[in-house]
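Hi,

Here is the structure I promised to pass on. Have a look first, and then read on for what turned up in it.

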Amino acid sequence: MNRHQRLYAILLSLLLLSGCASTARFPDNPPLIEAKPAITPYSPDSTTLLLTLSGGGSRASAFAYGVMEALYRTPLTTRPDAPSLLDKVDMISAVSGGSIIAAYYGLYGEEMFETFREKFLERDVRNEIRQRMLSLDNLSRLSSTTFGSGDILDEYFRETLFGNRPLSELFDEQGPVVIINATDLFKGSRFGFTPELFSLICSDSEHFPVARAVAASSSVPLIFTPITLNNRAGSCGYPTPEWIGRGLTEKHQKPRLYRLARTWSRYLDQAEHPYIHLLDGGLADNLGLRAMMDQIIIHDGLDDSIRRNVTGNTKRIVLIEIDAAARLPIEWEKKPDHPPQGVILDAATTTPLSNYNFETKAYLHRQMGPWLQQNSALPCREKINCPPDLYIIEINLDDSPEQINGQPLSTIPTDFTLPEQAAERLIDAGQQLLRNHPEFKRLLHDLYAEMAGFR
């Protein structure tokens, strides 16, 4: 615990001991009066392009910025007004640090490349938030049991990045569908800020701030308190999805489906679960891949999921996984001393996440195996009743040869403030790793051939 944290704890304790605890309360999520049908995230274009953005604080945001900027600078034709490959993106699923840039792009589009660095990547966000928490007004509010540091993070994001723009703007037809993912603290599961789940808990996404969703996705435990939602399931006429009832009957035959159905069914028991407490999305899925995996589970495999979610015009499905996972420093393995508590906490969280990330990727790639084998077989020239081609592009920060202060970029701490020159190095690394990826080169070759009329 550093000096500022100790001061904060002392002042907060004094407020509590003096009997001056505040009655401040987290802002309510407005009720949904009538449920609406979900919007499919995929366009009728010949290419369906999906992005997943991992967690990792500002490190993850900067790395994802680099990959997205490379897509933005890749035109699809030689015309001056040609769309870029970034314009082809249909859906972005993001967690934690990745959710900050995903939401920003979802709201502001290409303006991101003019403003995001100054508004977030180049700011000392950690210190700005700390100063807010140490103000007398906020210290008083933080003495309340229904208002916490996560709510301060929400306010910071509203004032500096997102304003009061509503969550529904991430699902409209003005750009890609953006899914912000948090973790339900007491269910241990992914909570996606999607029309489906908001309809299930009867919450109105047209009056729920994007900033609050991003704060939930970024609320690192022990540093930030959970973001709390009211659960009003059963009050808006939303019909229970068919797959939930089906999944609850298949505990042994389809354990993954059963587990997912059991989690969603607990929201439906509103009397027992009237509140939802959300923390960092990386606790349940630090890659942003679970949103897609859940669709595979619900639809009994990748084959059926693709048939339900893409159109007959789709010739190719592109998945770009942007992984800015941290690498633990090895310096403590060279010493007999007990590491500091902060180092222990970092290792105790990073190691399980790394293992879980590996299992997540392994499951997804097993599902894609048959499709990838078809891609390697003889081409289906006529494209009649043929499956779309799959392009899996994994962009891992740990693969970058770039360094800062003699250390790999993946050792940059997970924080809301980057070291000097780190943002530029991370952005460059994202650009180079994408441009040099063999699958990305194959994708460009096939796209340009199609544009030229050869396919």
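**What covers helix H9**

Among the elements that cover the buried residues of H9 are strand S2 (89–95), helix H3 (96–108), helix H7 (149–162), strand S3 (177–184), strand S5 (227–230) and strand S6 (275–279). Those buried residues are Val210, Ala211, Arg212, Ala213, Val214, Ala215, Ala216, Ser217 and Ser218. In other words, nine of the nine residues of helix H9 (residues 210–218) are buried, so the helix is largely enclosed by the rest of the structure.

**The overall picture**

Before going further, please keep in mind that this is a predicted model. The protein has 455 residues, and 51% of them are buried. Its secondary structure comes to 16 helices and 10 strands. If you take the contacts between residues at least 6 apart in sequence, 79% of them join residues at least 24 apart. As for the outside, the protein exposes about 21,400 Å², with carbon and sulfur atoms supplying 53% of that area.

**Two helices side by side**

How do H2 and H4 run relative to each other? The axes of helix H2 (residues 57–72) and helix H4 (residues 112–121) cross at roughly 170° and come within 12 Å. An angle over 145 degrees counts as roughly antiparallel, and therefore that is how H2 and H4 are described. On the H2 side, the contact is made by Ser58, Ser61, Ala62, Tyr65, Met68, Glu69 and Tyr72. H4 brings Met112, Phe113, Phe116, Arg117, Phe120 and Leu121 to it. Sorted by type, the residues of this contact are nine nonpolar, two polar and two charged.

Phenylalanine 116, in helix H4, is a good residue to click on here. Is it buried or exposed? With a relative accessible area of 0%, phenylalanine 116 is buried. Setting aside neighbours within four places in sequence, phenylalanine 116 is in contact with Ser61, Tyr65, Ile100, Ile101, Tyr104 and Leu121. You can also compare it with alanine 62: the two are 54 residues apart in sequence, and their C-alpha atoms are 9.6 Å apart in space.

**Just past H4**

Aspartate 124 sits in the loop between H4 and helix H5 (125–134). Its relative accessible area is 35%, so aspartate 124 counts as partly exposed. What I liked here is the pairing with phenylalanine 416: the two residues are 292 apart along the chain, yet 7.2 Å separates their C-alpha atoms.

**Two serines to look at**

Serine 22 is in the loop between helix H1 (3–17) and strand S1 (47–53). A polar atom of the serine 22 side chain lies 2.9 Å from the backbone nitrogen of alanine 24. Not counting residues up to four places away in sequence, serine 22 touches Ser140, Arg141, Ser143 and Ser144.

The other one, serine 189, belongs to strand S4 (residues 189–192). Serine 189 has a relative accessible area of 12%; buried means under 20%, so serine 189 is buried. Which residues is serine 189 in contact with, leaving aside its neighbours within four places in sequence? They are Ala182, Thr183, Asp184, Thr263, Tyr267 and Ala284.

Over to you!

Definitions and conventions
Residues numbered from 1 in each chain as written. Predicted model: local features only at pLDDT ≥ 70, side-chain atom pairs only at ≥ 80, totals over all residues. Heavy atoms only, no water. Helix = DSSP H or I, 4+ residues; strand = E, 2+ residues; numbered from the N terminus. Buried < 20%, exposed > 50% of the residue type's maximum accessible area, 1.4 Å probe, protein only. Contact = heavy atoms within 4.5 Å. Areas by Shrake-Rupley, 256 points an atom, 1.4 Å probe, with all protein chains shown as cover. Polar contact = N/O pair within 3.5 Å; in protein donor to acceptor, adjacent residues only side chain to side chain. Axes fitted to C-alpha atoms, helices over the stretch in contact; angles between N-to-C directions. Parallel < 35°, antiparallel > 145°, perpendicular 65-115°, else oblique. Nonpolar A, V, L, I, M, F, W, Y, C, P; charged D, E, K, R; others polar.
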